[in-house]
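Welcome! Please take a moment with the sequence and the structure below, and then let us walk through them together.

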Amino acid sequence: MQKLNELFSGGGDGDETNDGFLEDGSKGLCSLSTTQRMYGFAASLAAGFLLMFLSMIVFSIPIKFALLFTFGNVLAIGSTAFLMGPEQQINMMMDPVRIYATSIYIGCVVVALICALLIHSKILTLLAILCEICALIWYSLSYIPFARRMVSEIMIRLCDTEL
């Protein structure tokens, strides 16, 4: 675990006052050790992937599929809060570069849950889940430098109707 912490902190130069990436948000009411953070991250990510996998089993029942898939997504994205802390996670989500992607993703999650729980419409639920997947991909691309620009240019070239 020490080597992993040194990797995230930028190397072990012997400076004890330099906190690592995993230790930045550990000051507070609910501070966790580095090992506990890694276990929390792994457990939350595994639970999210398990729910997403289970949602594929009940794909023919769109309401159960939407619930399992949406909660799996939220758990998987929320798992990174164990690594960097909830405050840093929210700050990164609200960064001007990805504020629109975050808002659209959260909106799609809410719409998918409303369609599944309140409206009980299979078609609207599947449409909302499709929008949620697209929003999740766009949100995830915001963490990779120039990825959204590259995908946009590829889509423009693929969908260009001029000969």
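In which hand of crossing does α6 pass α7? The crossing is left-handed. Keep in mind as you read on that this is a predicted model.

## The overall picture

Let us step back to the whole chain. The protein chain holds eight helices and zero strands. Read from the N terminus, its elements therefore spell out α-α-α-α-α-α-α-α.

Of the 163 residues in the protein chain, 31% are buried. Contacts across the sequence can be described too: among those between residues at least 6 apart in sequence, 57% join residues at least 24 apart.

## Helices α6 and α7

Now back to the pair we began with. Helix α6 covers residues 99-119 and helix α7 covers residues 122-141; they pack at an angle of about 160 degrees, and their axes are 8 Å apart. That angle makes α6 roughly antiparallel to α7, because angles over 145 degrees count that way. On the α6 side, the contact is made by Ala101, Thr102, Ile104, Tyr105, Cys108, Val109, Val111, Ala112, Cys115, Ala116 and Ile119. On the α7 side, the residues are Leu124, Thr125, Ala128, Ile129, Cys131, Glu132, Ala135, Leu136, Trp138 and Tyr139. Sorted by character, the residues of this contact comprise 18 nonpolar, two polar and one charged.

The loop between α6 and α7 is worth a look as well, since His120 is found there. His120 has a positive phi of about 60 degrees, although it is not a glycine. With a relative accessible area of 51%, His120 is exposed.

## Helices α2 and α3

A second pair can be read in the same way. Helix α2 (residues 34-57) packs with α3 at an angle of about 160 degrees, with the two axes 7 Å apart. The two helices are therefore roughly antiparallel to each other, and α2 passes α3 in a left-handed crossing. From α2, the contact is made by Ser44, Leu45, Ala47, Gly48, Leu51, Met52, Leu54, Ser55 and Met56. From α3 come Phe65, Leu68, Phe69, Phe71, Gly72, Asn73, Leu75, Ala76 and Gly78. In the contact of α2 with α3, twelve residues are nonpolar, six are polar and none is charged.

## Glu132 and Thr70

Is Glu132, a residue of helix α7, buried or exposed? At 0% relative accessibility, Glu132 counts as buried. Leaving aside its neighbours within four places in sequence, Glu132 is in contact with Phe69, Thr70, Asn73, Tyr105, Cys108, Val109 and Ala112. You can also look for Ala66: Glu132 and Ala66 are 66 residues apart in sequence and 10.0 Å apart in space, C-alpha to C-alpha.

Thr70 offers a view from the other side of this contact. Thr70 has its place in helix α3, residues 62-78, and counts as buried at 1% relative accessibility. Not counting residues up to four places away in sequence, Thr70 touches Val109, Ala112, Leu113, Ile129 and Glu132.

## Gln89 in helix α5

Next comes Gln89, found in helix α5, residues 86-93. Gln89 is buried, with a relative accessible area of 7%. Which residues does Gln89 touch, not counting residues up to four places away in sequence? They are Ile77, Thr80, Ala81, Met84 and Tyr139.

## A salt bridge

How many salt bridges does a search of the whole structure find? The search finds one. Arg98 forms a salt bridge with Asp95, and the closest N and O atoms are 3.9 Å apart. Arg98 counts as buried at 9% relative accessibility, whereas Asp95, at 28%, counts as partly exposed.

## Phe146 in its loop

Our last stop is Phe146, found in the loop between α7 and α8 (147-159). Phe146 is not a glycine, yet it has a positive phi of about 65 degrees. With a relative accessible area of 65%, Phe146 is exposed.

Notes: Residues numbered from 1 in each chain as written. Predicted model: local features only at pLDDT ≥ 70, side-chain atom pairs only at ≥ 80, totals over all residues. Heavy atoms only, no water. Axes fitted to C-alpha atoms, helices over the stretch in contact; angles between N-to-C directions. Helix = DSSP H or I, 4+ residues; strand = E, 2+ residues; numbered from the N terminus. Parallel < 35°, antiparallel > 145°, perpendicular 65-115°, else oblique. Left-handed = near helix turned anticlockwise from the far one by under 90°. Contact = heavy atoms within 4.5 Å. Nonpolar A, V, L, I, M, F, W, Y, C, P; charged D, E, K, R; others polar. Salt bridge = Lys/Arg side-chain N within 4 Å of Asp/Glu carboxyl O. Buried < 20%, exposed > 50% of the residue type's maximum accessible area, 1.4 Å probe, protein only.
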